[in-house]
Amino acid sequence: MMRSLSTLGLVALAGAAWAEPLTEATAIERALARHPALAAAGYQVDAAEAGADRAGAAWLPRVEATARVVAQGPTPTLHIDTGLTPPGAPAPLSIEREIGQTVSASVGLEAGWRALDFGSRSAYEAAARAGVDVARADARDRAATVAWAVRQSLAAAVFFADVVRTTEGSLVVARGTLADARAAREAGLAAGVDVAAAQSRVADLEGRAAEAHASQQKALQTLRIQLGLPADAALELAPTPLALPAEATAPPPAVARLVAAAEARAHEREAVERGFWPTLDVFATGAYADPRTFVETDAGLTWQVGARAAWPLFDGDQRRRRARQLDAEEAAARAGASAAVEQQAIARDDADARLRAAAASAEAAERRVQAAQTYVTAAQAGEAAGTARRRDVEQAEDRLDAARLALAQSRFDAARARADRLLADGIASTPDLRDPP
């Protein structure tokens, strides 16, 4: 899943990343497609699936090629007393003959299949399949974490871009005001304090602009690294969504991983319990042996067909102790899942509360921006008519700057809260949105 994008798609996405406004969906898609941690998680899923397939293959028969050379002694001797005494012989005639050979050798094939194991193989396969669910949940968790980091970087870059834009706009006005103050001072129409106040405001805005620009570049550089872009790649950022995500339909990966781990331990314990009962194997062998049989000295083909039953009556108490260990691990996983559910609920409620507060602050800030803009316009008109002081205009401009920065801060807080909410739900891709409650 994590490694499914084709090379062509990545190239097209790379070009779009700086050729047009970078949306959250595009940024996350690119980050998920190239992040090494997600590639590692994908391989872990592959490994878990291969392990499950391996567990399922326990039902298949086994075929083994064998070769052996054995030297043994003493060689058995056959003694036959005939009871016949030849003429002139002092005792009855007896025959002695060696049976077999000191050295024997064979090569052959043996096929075997476990016909009965009381469900132990099925339980181990179920445990392996649960392990696949664990790996997939871990991959989802890593994807959600990567997406959260991208959302945070994108929100920071957008926020500082707003700060830079607001500050630079104010700086243009402040520099114009400084030029007017200097001209009025030279004409004897303004006091030196007016020029000093305008210079102070310009210096303050220049410092704020430099700081905001540095922070913006830092956020953009972090975003470039996350997206795998060159350090000099130009990025135009699209506005980030601020609405609450839709309700999650699946449990978060942290919970799913622990639940799957508990299921894996339960199935493994079942397999351990069933391992107490006897097993029945059927087999067939064919070999070329020298000697062919125990009593024959010639080489030749041999065969066997049969069944074997085994019952591990006592294994040093290993089975019982392993079952106790698996019981404890299952209980720990289920308790951890319950704790993860509570933590998710707390994180969701906290993120929702912060998002609602940020949305309310943004609405209030928008109203303050409109009001401050009206005050600036009125103050400038009053200054032109001689009914307002230059100080009144500067104060109005300060209020407008503060309102605009408060609006940018509220949107930034909302974007971060939304990212935290999506992380709590374990959501990586940009989901459908709903209005804040």
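These are my notebook entries on a predicted model, covering its sheet, its helices, its salt bridges and one surface patch.

**Sheet**

I started with the strands. Four of them make an open sheet in the order E1-E4-E6-E7, and the pairing is antiparallel. I checked the edges next: strand E1 (62-71) and E7 each pair on one side only. From one strand to the next, the twist averages 25 degrees.

Then I looked at how E6 meets E7. Strand E6 covers residues 279-290, runs antiparallel to E7 and is joined to E7 by 11 bridges. For one register point I took Leu280, whose bridge partner in E7 is Ala309.

**Nonpolar patch**

Leu280 turned up again when I went over the surface. It helps make a nonpolar patch of about 760 Å², together with Leu116, Phe118, Trp277, Trp311, Leu313 and Phe314. I picked Trp311 for a closer look. Trp311 sits in the loop between strand E7 (300-310) and helix H7 (318-385). Is Trp311 buried or partly exposed? It is partly exposed, since its relative accessible area is 44%.

**Helix H4**

I wanted to know whether H4 has the span its residue count predicts. Helix H4 takes in residues 120-186, 67 residues in all, and at 1.5 Å a residue it should span 99 Å. Its end C-alpha atoms are 98 Å apart, so the two values agree. Just after H4, I noted Gly188 with a positive phi of about 80 degrees.

**Salt bridges**

My count came to 33 salt bridges. I went through a few of them.

Arg114 and Asp281 came up early: their closest N and O atoms are 2.9 Å apart. This pair links distant parts of the chain, with Arg114 in strand E4 (residues 103-116), Asp281 in strand E6, and the two positions 167 residues apart. How do the two partners stand for exposure? Arg114 is partly exposed at 34% relative accessible area. Asp281 counts as buried, because its relative accessibility of 17% falls under the 20% cut-off.

Next I took a pair within a helix. Arg274 and Glu270 meet through their side chains at 2.5 Å, N to O. Why can they pair up along the helix? They are four residues apart in helix H6 (residues 253-274), so about one helical turn separates them. Both came out partly exposed: Arg274 has a relative accessible area of 29%, and Glu270 has 26% relative accessibility.

Helix H8 gave me another such pair. Arg421 and Asp425 form a salt bridge with the closest N and O atoms 3.0 Å apart. They lie in helix H8 (residues 390-425), four residues apart, or about one turn of the helix. Arg421 and Asp425 are both buried.

I also found a network of salt bridges. Which residues does it link? Asp138, Asp141, Arg142 and Arg257 are the members.

**Arg348**

Last, I looked up Arg348, which is in helix H7. Is Arg348 buried or exposed? At 16% relative accessibility, Arg348 counts as buried, because that is under 20%. I also took its separation from Glu206: the two residues are 142 apart in sequence, and their C-alpha atoms are 40 Å apart in space.

Key. Residues numbered from 1 in each chain as written. Predicted model: local features only at pLDDT ≥ 70, side-chain atom pairs only at ≥ 80, totals over all residues. Heavy atoms only, no water. Patch = residues over 30% accessible without salt bridge, like charges linked within 9 Å, V, L, I, M, F, W, Y side chains within 5 Å. Areas by Shrake-Rupley, 256 points an atom, 1.4 Å probe, with all protein chains shown as cover. Salt bridge = Lys/Arg side-chain N within 4 Å of Asp/Glu carboxyl O. Buried < 20%, exposed > 50% of the residue type's maximum accessible area, 1.4 Å probe, protein only. Expected span 1.5 Å × (residues − 1). Pairing = 2+ DSSP bridges. Axes fitted to C-alpha atoms, helices over the stretch in contact; angles between N-to-C directions.
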